[in-house]
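Welcome! Here is a short briefing to help you find your way around. Take a look at the picture, then read on.

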Amino acid sequence: MLRFTDSLTGDKVDFEPRDPGKASVYWCGPTVYDVPHLGHARSTLAFDVLVRYLRWTGLDVTAVSNITDIDDKIINRAADEGSTEPDVAQRFEATFVEQMDRLNVAHPDLRPRATEYVDRMVEVISDLVERGMAYTTDSGVYFDVDRLDEYGALVGRSVEDLREGAGARVDVDEDKTDPLDFALWKAAKPGEPTWDSPWGPGRPGWHIECVAMSLHLLGDGFDIHGGGDDLVFPHHENERAEALGCGRAFARHWVHNGMVQVDGEKMSKSLGNFTTLAGLLDAWDPRALRLLVLQTHYRRTMEIGSTTLDQAAAALARLDKFADRMAEADLPDAAADDAVLDRFRAAMDDDLGTPQALAVVFDAVRDANRALDAEDDDTAAALAAAALDATTALGLELGAAASPDADAGDDPEATEIDGLVDRRLAARAAKDFAEADRIRDELTARGIVLEDGPSGTTWRRG
RNA sequence: GCACCGGUGCCCGAGCGGACCAAGGGAACGGCCUGCAAAGCCGUAAAGCCGCGGGUUCAAAUCCCGCCCGGUGCUCCA
């Protein structure tokens, strides 16, 4: 039985789906006003693994993640570059999807856009107004926090507490009767995209979209709502307020992932293009980032840097070699080792303990290698099957074929290097090791690493 | 300022009151392999006690209190 930490209570709770055998999951996607950063990657990876694992255990999962395609930042961006909001949104949504694809993130079943949900948002806001949970001013419609006893439950703070800190970082809109109240509908401002509403032209507030989408697509009382830690307040607190304010059951469980820290200075020094996810993905195998993310528990703050990425890449290389070795060993068909799978499942069931789950995988890898060394093919096959099944559940494809280097295409330099490698092979065959080593040294100086194997010599850029 | 989360070996990072343990990964070292390497495989050692100081307990890295340091939040940031 899967258990995970519910942000609402802070306790580990058993996951009991609303509908037996199924799971409904919603997590907040990006606001598409710029290229994705490392935080997007971590968060998206966290929920990708959650969804994959739920499916692996046999649940029928419906996964929904939104795209916020209208918001202040998008408007500002469009103004800055002299384009339009839809243009900005479409461009960066495409970039987001493309980069998540590189990370082998499974597409959510549904990826609704805010601009497609304005009508439903208006319905929810109308409901709130009718129930007296919201009020109207010249600048828009606001949720009245005082009307909801439970407000603050998700952050674990009282309304008085919150009120004290309100405005500490951002100026408070003077139209609101309470600094904690938040916008459901923003009245039109000149030059901004607008939609019609019972309160005049304008655009929706931020939180309302997730409520309208999740309740519409997944139904009241859906199972899991997730997002980054930084969204707990105010975003998720306010979403919850909106749904409860309508008298509707909202998410049964809340799951939040921790933040990413980057040693920016060190990073830019070693690799100038590292500040964006794209830069990272160009410099490292995307699977190394996934592995690195999995090696840290999803709730913890984690450090991503060139050192930790290199370390993850080295571990990944070992897993690739393992997968290749087992594939080439011509092992008998074997069912995955149950003991390994049980340990894997136990680790994952305990709040998605991917670090321990990977420890299980690495243990199995070592044991399988040892079994193969001892020519115990049956044991090796069972262990390898379990290890590979587990990594698949985590979204990690293994083996040289899975590496982005596998299809590097034609490289003008490659032909020349191949020629040098051939000459070295000839020299070795003639026992002219001095010449062979000279060629190798020359290639080494150029950053080329040679690997002599039973089936010939391969090279790679080190 | 207030709130929440965290501070574990050379590095990343598990552990959340006890005897299967201070996991696992990277690096290091040794062996096998190799003409020699590289890669790979196997093995070894490494935290004298898990930020600091108190306390609770038969028993604490794990609970409580104080302090120091880092992160996040306090209206639109995953």
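**Two cysteines to start with**

Cys28 is a good place to begin: this residue is buried, with a relative accessible area of 10%. Please keep in mind that what you are looking at is a predicted model. From here, the notes move on to the cysteine partner, the domains and one of the sheets.

**Cysteines**

- Cys210 is buried too, and its relative accessible area is 1%.
- A disulfide needs two cysteine sulfur atoms within 2.5 Å, and by this rule the structure has zero disulfides.
- Cys28 is therefore in no disulfide, since the nearest cysteine sulfur, that of Cys210, is 3.8 Å away.
- Seen from the other side, the closest cysteine sulfur to that of Cys210 is the one in Cys28, and 3.8 Å is too far for a bond.

**Domains**

- Chain A splits into domain 1 (3-257), domain 2 (261-404) and domain 3 (408-461).
- Measuring from centre to centre over C-alpha atoms, domain 1 and domain 3 are separated by 55 Å.

**An open sheet**

- Four strands, in the order 5-6-7-8, make up an open sheet with antiparallel pairing.
- At its edges lie strand 5 (134-137) and strand 8 (202-204), each of which pairs on one side only.
- On average, neighbouring strands in this sheet are turned by 20° against each other, direction ignored.
- Within the sheet, strand 6 (residues 140-143) pairs with strand 7 (residues 182-187) in the antiparallel sense, over four bridges.
- Gly140 has Lys186 of strand 7 standing opposite.

Terms used:
Residues are numbered from 1 along each chain as its sequence is written. Chains are lettered from A and ligands numbered from 1 in the order in which they are written. This is a predicted model: local features need pLDDT of at least 70, side-chain atom pairs count only at pLDDT 80 or more; totals for chains, interfaces and linings use all residues. Side-chain values use heavy atoms; hydrogens and water are left out. Buried means under 20% relative accessible area, exposed over 50%, partly exposed in between (1.4 Å probe, protein chains only). Domain bounds come from an automatic or database domain assignment. Two strands pair if DSSP finds at least two bridges between them. Helices (H or I, at least four residues) and strands (E, at least two) are DSSP runs, numbered from the N terminus. Axes are lines fitted to C-alpha atoms, for helices over the stretch in contact, and angles run from 0 to 180 degrees between N-to-C directions.
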